[in-house]
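Morning, everyone. Please bring up the structure on your screens. I will keep this short.

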Amino acid sequence: MPTAALTTLGCKVNQFETETMEGLFRQRGYTIVPFDEAADVYVINTCSVTSLGERKSRQLIRRARRMNEAAVIAVTGCYSQVAPEEIRAMDGVRVVLGTKERADIVDYVERAAREAGVLDGTTDIMQAAEFEDIPLFGAPARTRAFLKIEEGCENFCSFCIIPYARGPVRSRSLESVRREAAKLIDMGFKEIVLTGIHLGCYGRDIGEATLADAVRAVLSLPGLKRLRLGSLESVELSDELLALFSEDERFARHLHLPLQAGSDAVLQAMNRHYDTAKFAQLIERVERAVPGVAVSTDIIVGFPGETEEFFSESLAFVERMNFARMHVFPYSPRRGTPAANFSGQVPENEKKERVHRMQSLAARKSEAFHAAFLGREMSVLFETERAGITDGLTENYIRVYTKTPVKTGDIAEMRLLRLHRDGIWGEGVGD
């Protein structure tokens with residue numbers, strides 16, 4: 001039986017897409033093996049959000065080549081979509097696909113095994129018109145199930161390569177959303193996470209459907225314990241969606257709302273469609289509607305033109321926000337984006353220093369958020385176990401560690417006792 005090894009770089013959407021490709025290989029009789037083992041086929045699902053993501057993608061291609069020079073190496077994802085010529089030029093690569101042709105990946109791989117040369121199936125992603133609906137075959141190897149319901153982005157933030165890598169907005173039909181979610185529940189998943197490249201735009205291309213409709217479709221399914229949303233633009237949190245968020249206890253009390261910068265001047269240069277006042281008003285509205293909600297966010301530091309004054313504005317704004325978790329990134333110039341040619345590029349040493357300062361603030365904010373829940377009892381979906389310690393997430397995204405005997409994949413009531421690592425140490429209620 002032929003073997004295939006797949007690996008993923010980048011976001012949760014990429015992870016979901018790799019899981020669907022694993023299912024396609026299984027359907028054709030392949031055994032899926034770990035990426036660090038010898039295999040007949042290697043699939044690298046790449047990322048192009050940062051230069052680091054592209055560098056790691058190239059490293060993985062070279063690693064696959066070293067493990068088996070005779071293997072068919074197939075490269076897909078954002079990096080191969082925006083720079084297929086770079087991928088084609090790498091030793092050992094036999095198949096190059098972008099972000100739209102993955103339903104046919106097994107056919108490409110098997111054809112490459114028979115023919116010489118490199119098969120390039122990338123197409124003009126800006127002409128994509130329909131969601132690539134690949135059914136799930138087999139259970140993903142995780143305790144939370146990700147379900148991609150939207151593809152593409154049309155925001156064109158000045159720093160971001162994703163619109164060029166993913167193309168225009170395309171949405172999964174409500175019927176398909178409901179069908180695939182039901183399949184995940186039947187597999188035993190307690191939590192489903194709806195994901196997309198620009199999730200808040202779900203339905204824009206298919207008529208009257210909205211993200212709230214997709215949420216209702218999943219919440220209507222018997223057996224669902226938790227529903228969570230992936231990253232969502234703040235300006236797209238509608239009143240209808242917020243009402244569902246506050247009313248249905250299965251809707252996890254966590255939102256990821258990327259801020260990107262706490263300076264209005266920098267937000268304008270980024271071509272973001274809000275200012276700090278509008279963002280703060282939204283957070284206040286969410287916190288009133290959903291007590292105990294966790295809001296996580298993304299921050300980019302060192303954007304071109306970000307002076308020390310602008311960075312200080314960002315620090316001060318973040319200090320006022322009750323963020324539960326922050327992902328802090330140094331600005332990475334992406335070829336083909338407007339910001340790569342902006343004046344006022346910030347030196348790397350200054351970016352690193354600002355990242356350190358923002359991360360220090362992020363750690364303080366996260367600790368304060370966690371501390372507010374000490375002594376409470378909360379439901380935890382357990383995910384991993386190592387050396388007798390099991391950890392998982394509350395509905396508001398607090399990671400809880402315990403030695404209480406619990407099974408991964410199960411939800412258990414825990415009493416939150418003390419701060420521990422990046423979360424809280426807990427014990428089972430009644431222990």
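I will go through one strand, one residue in it, and then a barrel. Keep in mind that this is a predicted model.

Start with strand 4, residues 72-77. How many of its residues are buried? Six of six, so the label "buried" here rests on a cut-off: under 20% relative accessible area. Look at the two faces. V72, A74 and T76 point one way. I73, V75 and G77 point the other way. All of them are buried.

Now the neighbours. As a reminder, strands of a sheet pair through backbone hydrogen bonds, either parallel or antiparallel. Strand 3, residues 41-46, runs parallel to strand 4, and six bridges join them. In one of these pairings, I44 has V75 as its partner. Strand 5, residues 93-96, is also parallel to strand 4, with three bridges. There, I73 is partnered by V93. Helix 2, residues 51-67, joins the picture too: with strand 3 and strand 4 it makes a right-handed β-α-β unit.

Zoom in on T76. Is T76 buried or exposed? Its relative accessible area is 1%, so T76 is buried. Its side chain reaches the backbone oxygen of G98 at 2.8 Å. T76 also touches several residues further away in sequence, among them M21, V43, L97 and R102.

Last stop, the barrel. Five strands close up in the order 14-15-16-18-17, with mixed pairing. Neighbouring strands in this sheet are turned by 50° against each other on average, direction ignored. Strand 14, residues 377-386, and strand 17, residues 411-420, pair antiparallel over five bridges. Find M378 there: it stands opposite M414 in strand 17.

Notes: Residues numbered from 1 in each chain as written. Predicted model: local features only at pLDDT ≥ 70, side-chain atom pairs only at ≥ 80, totals over all residues. Heavy atoms only, no water. Helix = DSSP H or I, 4+ residues; strand = E, 2+ residues; numbered from the N terminus. Buried < 20%, exposed > 50% of the residue type's maximum accessible area, 1.4 Å probe, protein only. Polar contact = N/O pair within 3.5 Å; in protein donor to acceptor, adjacent residues only side chain to side chain. Contact = heavy atoms within 4.5 Å. Pairing = 2+ DSSP bridges. Axes fitted to C-alpha atoms, helices over the stretch in contact; angles between N-to-C directions. Right-handed = clockwise from strand over helix to strand, strands pointing away. Lists of a residue's contacts leave out its neighbours within four places in sequence.
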